[in-house]
Amino acid sequence: CDWSSDVCSSDLICRRILDIGPGVKLAGLDLTGAQLAGVDLTGANLKGVRLSSADLTGANLTDADLSGANLVFAQMRGAVVRGANFSWAKMRAANLVGVDMSEAITHGADLLHATTSGDIDFATYLRAFNPNAEFWVGKETDSDRSPTQNDGT
């Protein structure tokens, strides 16, 4: 399977081709945007996998190795991560609402703008990629706009 092709990156096709479940070995694959909500990935080898913008809502990642994984803007609401290894993972703007990270390994993980309450808004998503960006807010026309920094002022 050529993971760079549009056909194979389709969730429907790839989930049928891959035997996704406990102990699966997907290290280093590009699964950007994968729909893995509720999937049991206990003990999976996901080292260095690209799961940016993936839906892992309610997934079981117990004892999974996600070291060096890209989980930028991943939706992980309610995922179980007991014993999971997120060392050096990129988790910017990840949705971690309802996720107990206390028993996960997070050494060196990048959790900038990850959220543990509410949902991630678009401005937070943009800040995860460019923390120094200026945003235009609150005005209808360009001439009425004034720049604001990320501190909310």
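**Salt bridges and core of a predicted model**

Good morning. A search of the whole structure finds two salt bridges, and I should state at the outset that this is a predicted model.

The first pair I shall discuss is R50 with D30, whose closest N and O atoms are 3.9 Å apart. Both residues lie in the loop between α2 and α3, so the pair ties together parts that are 20 residues apart in sequence. R50 is partly exposed, at a relative accessible area of 38%, and D30 is partly exposed as well, at 34%.

The other pair joins the side chains of D110 and R92, with an N to O distance of 2.6 Å. These two residues also sit in the loop between α2 and α3, and they link distant parts of the chain, 18 residues apart. D110 has a relative accessible area of 23% and R92 one of 22%; D110 therefore counts as partly exposed, as does R92.

I turn now to the nonpolar core. The largest one has 32 residues, and those touching the most other members are L51, L61, L66, L71, M76, V81 and F86. Which residues does V81 touch, leaving aside those up to four places away in sequence? They are L61, M76, F86, V99, D100, M101, E103 and A104.

Finally, a word on confidence. The mean pLDDT of the protein is 78, with 65% of residues at 70 or more. Over residues 1-16 the pLDDT is below 50, and this stretch has 19 contacts beyond near neighbours in sequence. Residues 137-142 also stay under 50, and for them the model has five contacts beyond four places in sequence. Thank you.

Notes. Residues numbered from 1 in each chain as written. Predicted model: local features only at pLDDT ≥ 70, side-chain atom pairs only at ≥ 80, totals over all residues. Heavy atoms only, no water. pLDDT = per-residue confidence, 0-100. Contact = heavy atoms within 4.5 Å. Core = buried A, V, L, I, M, F, W, Y, C linked by side-chain atoms within 4.5 Å. Buried < 20%, exposed > 50% of the residue type's maximum accessible area, 1.4 Å probe, protein only. Salt bridge = Lys/Arg side-chain N within 4 Å of Asp/Glu carboxyl O. Helix = DSSP H or I, 4+ residues; strand = E, 2+ residues; numbered from the N terminus.
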